[in-house]
Amino acid sequence: MKKNRQAIISRLIEENIISTQEELLEMLLEAGVNVTQATVSRDIKEMHIVKHPAPTGEYKYCLPTSAPEENSSKYMSILIGAAVCTDIAMNTVVLKCHVGTAQAACAALDSMGLQGVAGTLAGDDTIFVLCYNEDAAVKVKKKLDTLLGF
């Protein structure tokens with residue numbers, strides 16, 4: 001079932017310009033795949049799907065062109081190119097990004113497997129990195145600041 005769903009996701013992404021998880025979810029439902037947004041989100045992460053500029057100027061989901069291990073340096077390039085600054089609010093690290101780059105940068109963050117991180121949430125230009133506690137947030141912010149040259 002999962003392999004079939006992910007094959008359909010791959011086909012949809014290759015054949016359409018899909019900019020959001022909601023659009024992908026809607027297309028899956030139209031294709032007869034009964035799925036939740038949380039499952040779509042997990043599939044995107046597991047399949048290493050990222051966003052790239054479309055000819056229309058918006059960003060669209062794209063399948064990886066190389067093995068996940070080879071994508072590590074690409075992910076880091078995306079993260080470094082997207083990041084503007086970091087901040088901290090209690091147990092949450094806030095990473096401000098250039099407009100339209102936060103979701104791709106968030107995928108890079110997720111691939112890093114940072115210790116102390118419960119999860120991430122990306123908007124258009126902001127990423128929230130939810131940490132288990134304030135000490136973990138301080139450590140994550142320091143690591144990101146070092147990595148990003150802040």
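This is a short chat about a predicted model, its helix packing and its cysteines.

User: Hi! Which residues of helix α3 are buried?
Analyst: In α3, which spans residues 37-46, the buried ones are Thr 39, Val 40, Asp 43 and Ile 44. They lie on the same side of the helix, because they cover an arc of only 140° around its axis.

User: Why would residues spaced like that share a side?
Analyst: An α-helix has 3.6 residues a turn, so residues three or four places apart point the same way.

User: And what is exposed on the other side of α3?
Analyst: Arg 42 and Lys 45 are exposed there.

User: What do the buried residues of α3 pack against?
Analyst: They pack against two helices, α1 (2-15) and α2 (21-30), and also against β2 (59-62).

User: Okay, at what angle do α1 and α2 pack?
Analyst: The angle is about 115°, and their axes are 11 Å apart. Ile 8, Ile 9 and Leu 12 of α1 make the contact with Leu 24, Met 27 and Leu 28 of α2. The residues of this contact are six nonpolar, with no polar and no charged ones.

User: New topic: how many disulfides does the structure hold?
Analyst: Zero.

User: Why is Cys 97 without a bond to Cys 106?
Analyst: Because the sulfur of Cys 97 is 8.5 Å from that of Cys 106, its closest cysteine sulfur, and that is too far for a bond. A disulfide here needs the two sulfur atoms within 2.5 Å.

User: What about Cys 131, is it buried or exposed?
Analyst: Cys 131 is buried, with a relative accessible area of 2%. Its nearest cysteine sulfur, in Cys 106, is 12 Å away, and Cys 131 is in no disulfide.

Technical notes:
Residues are numbered from 1 along each chain as its sequence is written. This is a predicted model: local features need pLDDT of at least 70, side-chain atom pairs count only at pLDDT 80 or more; totals for chains, interfaces and linings use all residues. Side-chain values use heavy atoms; hydrogens and water are left out. Buried means under 20% relative accessible area, exposed over 50%, partly exposed in between (1.4 Å probe, protein chains only). Helices (H or I, at least four residues) and strands (E, at least two) are DSSP runs, numbered from the N terminus. The arc is that of the directions from the helix axis to the C-beta atoms. Contact means heavy atoms within 4.5 Å. Axes are lines fitted to C-alpha atoms, for helices over the stretch in contact, and angles run from 0 to 180 degrees between N-to-C directions. Ala, Val, Leu, Ile, Met, Phe, Trp, Tyr, Cys and Pro count as nonpolar, Asp, Glu, Lys and Arg as charged, and the others, Gly among them, as polar.
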